[in-house]
Amino acid sequence: MKTVSDQPLDLQPYKSVDNETLSRRIEAVRQELGSKLLILGHHYQQDEVIEHSDLRGDSLQLSQMAAESGDCRYIVFCGVHFMAETADILANGPEKLAERGGERVAVILPDLAAGCSMADMAAIQQVEDAWEDLGEWIDTERVVPVTYINSAANLKAFCAKHGGIVCTSSNASAVLEWAFRQGDRVLFFPDQHLGRNTALKMGITNDRMPVWNPHEEQGGLTEGQVRNSKVVLWQGHCSVHQMFSPEHVRMFREQHEGIKILVHPECPQEVNDLADISGSTGKIINTVRQAKPGTKWAIGTELHLVNRLKKEHPEQEIHFLSPVVCMCATMYRIDLAHLCWSLENLAAGTIVNHIDVDAEVAEWSRIALQRMLEMR
Ligand code: SF4
């Protein structure tokens with residue numbers, strides 16, 4: 001198998017093939033490659049792609065499951081770029097490589113334009129500059145950098161190098177508690193909402209959580225604000241979850257008596273405060289699974305997941321917590337045409353859109369991820 005896309009099949013013709021034919025061709029490659037191939041489908045992915053995935057889950061779950069597979073040599077990640085990086089980092093760690101006699105798992109992202117708007121809001125240079133700027137006012141030796149898993153690998157590496165850690169939306173509270181056992185303050189990036197909603201639950205007030213704007217000098221903050229801080233939040237957000245508003249919550253409550261509001265902590269504080277339940281994607285799914293028939297929900301998270309829950313739970317009444325359609329547009333770029341194209345290239349011996357994290361960055365990122373997984 002070649003490891004670079006020197007002569008890939010042309011993507012263009014795939015765009016005019018109908019979905020039924022693409023599905024048949026995708027299944028043919030799955031048959032041919034058998035257990036060597038794992039197609040991972042993130043919860044926010046569209047149904048027609050999910051139908052071809054071997055595993056469905058959130059980004060960390062998927063990467064961990066794929067890394068555990070002894071047979072797998074190719075991961076096709078139907079998610080976004082940072083997820084494919086995490087898969088590469090976990091599947092190609094020293095222990096996993098030793099188990100496979102040094103053989104690497106190749107991770108493929110069917111469309112390289114499938115990025116994450118939130119992850120893109122914190123670039124490594126901006127974070128390094130912020131760290132240096134903060135150092136003019138406070139002792140950064142006592143600051144613990146925490147990055148949400150929805151971030152580039154080099155930010156995870158940055159955290160590891162500075163005694164920090166990675167968090168997910170399900171363990172953010174435990175990670176912040178861990179961080180406060182290591183230092184006095186936290187620099188939390190890239191999602192201000194997850195950082196704020198989590199810290200508020202721990203009793204940290206907004207006046208102790210200034211927001212660092214990477215586009216302004218000294219983050220647009222004063223020395224007093226930084227010195228008084230417990231958590232310095234990064235000015236980043238998810239374009240999907242940020243659009244839910246308190247008006248949407250009020251509207252559903254007025255129009256649907258007894259409705260419960262279930263949201264993701266990437267939603268703004270005003271929405272989280274009004275919700276009945278706030279939790280990670282996993283918690284949202286489990287909450288709906290365990291609810292009594294007839295329960296009414298308005299759910300504030302990505303549209304494809306809400307629609308799938310609606311389909312899988314006809315015994316409940318499920319609404320999308322917004323009158324306007326909003327989905328993860330970058331993840332949506334991975335359609336059947338891109339999936340089929342990347343798989344047929346693979347079957348023909350060419351790896352396209354190979355996500356291969358720089359060895360040093362991967363090593364440090366693994367440390368930050370490992371800290372999270374081993375956290376007590
Ligand atoms: S839903 Fe938001 S955080 Fe998740 S991948 Fe899409 S843009 Fe990124």
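Helices (H or I, at least four residues) and strands (E, at least two) are DSSP runs, numbered from the N terminus. The structure described here is a predicted model, in which local features need pLDDT of at least 70 and side-chain atom pairs count only at pLDDT 80 or more, while totals for chains, interfaces and linings use all residues. Residues are numbered from 1 along each chain as its sequence is written. The points below cover a parallel sheet, the shell around the ligand, two helices and several backbone features.

**The parallel sheet**

- An open sheet is formed by 5 strands in the order 6-5-7-9-8, with parallel pairing, where two strands pair if DSSP finds at least two bridges between them.
- Strand 6 (165-167) and strand 8 (211-212) are the edge strands, and because each has a single partner strand, one side of each is left without a neighbour in the sheet.
- Strand 5 (143-148) is joined to strand 7 by 5 bridges and to strand 6 by 3 bridges, and it runs parallel to strand 7 and to strand 6.
- Within these pairings, Val144 stands opposite Val186 in strand 7, whereas Tyr148 has Cys167 of strand 6 as its bridge partner.
- Strand 7 (residues 185-189) is also joined to strand 9 (residues 231-234) by 3 bridges, again with parallel strands, and Leu187 has Val232 of strand 9 as its bridge partner.
- Strand 5 is mostly covered, with 6 of its 6 residues buried; a residue is buried if 20 or more other C-beta atoms lie within 10 Å of its own, exposed if 12 or fewer, and partly exposed in between, with C-beta atoms placed from the backbone.
- Both faces of strand 5 are covered, since the buried residues are Val143, Pro145 and Thr147 on one side and Val144, Val146 and Tyr148 on the other.
- Helix 7 (residues 153-161) lies across strand 5, strand 6 and strand 7, and runs at about 155° to strand 5; axes are lines fitted to C-alpha atoms, for helices over the stretch in contact, and angles run from 0 to 180 degrees between N-to-C directions.

**The shell around the ligand**

- The ligand is surrounded by 13 residues, of which the closest are Cys116, Met118, Cys238, Val240 and Cys328; a residue is near a molecule if its C-beta atom, placed from the backbone, lies within 6 Å of it.
- This shell divides into 8 nonpolar, 4 polar and 1 charged residues, where Ala, Val, Leu, Ile, Met, Phe, Trp, Tyr, Cys and Pro count as nonpolar, Asp, Glu, Lys and Arg as charged, and the others, Gly among them, as polar.

**Helix 15 and helix 14**

- Helix 15 (residues 336-347) has 12 residues that should span 16 Å at 1.5 Å a residue, and its end C-alpha atoms are 16 Å apart, which agrees; the expected span is 1.5 Å times one less than the number of residues.
- Because 9 of its 12 residues are buried, helix 15 is largely enclosed by the rest of the structure, and among these buried residues are His338, Trp341 and Asn345.
- The buried residues of helix 15 pack against helix 1 (19-33), helix 2 (47-50), strand 3 (74-78) and strand 4 (106-108), where contact requires the C-beta atoms of two residues, placed from the backbone, to lie within 7 Å.
- In helix 14 (residues 303-312), the buried residues are His304, Leu305, Val306, Arg308 and Leu309, and their cover includes helix 2, helix 13 (281-290), strand 12 (296-300) and strand 13 (317-320).

**The surroundings of Ala87**

- Ala87 belongs to helix 4 (residues 81-91) and is buried, with 30 other C-beta atoms within 10 Å.
- Apart from neighbours within four places in sequence, Ala87 is in contact with Leu62, Ser63, Ala66, Ile75, Phe77 and Val107.

**Backbone features**

- Most residues other than glycine have a negative phi, and most peptide bonds are trans.
- Gln218, in the loop between strand 8 and helix 10 (223-227), has a positive phi of about 50° although it is not a glycine, and it counts as partly exposed with 16 C-beta neighbours inside 10 Å.
- Asn353, in the loop between helix 15 and helix 16 (359-374), is not a glycine either and has a positive phi of about 50°, but Asn353 is buried, with 22 other C-beta atoms within 10 Å.
- Phe189 and Pro190 are joined by a cis peptide bond with omega of about -5°, and Pro190 lies in the loop between strand 7 and helix 9 (192-201).
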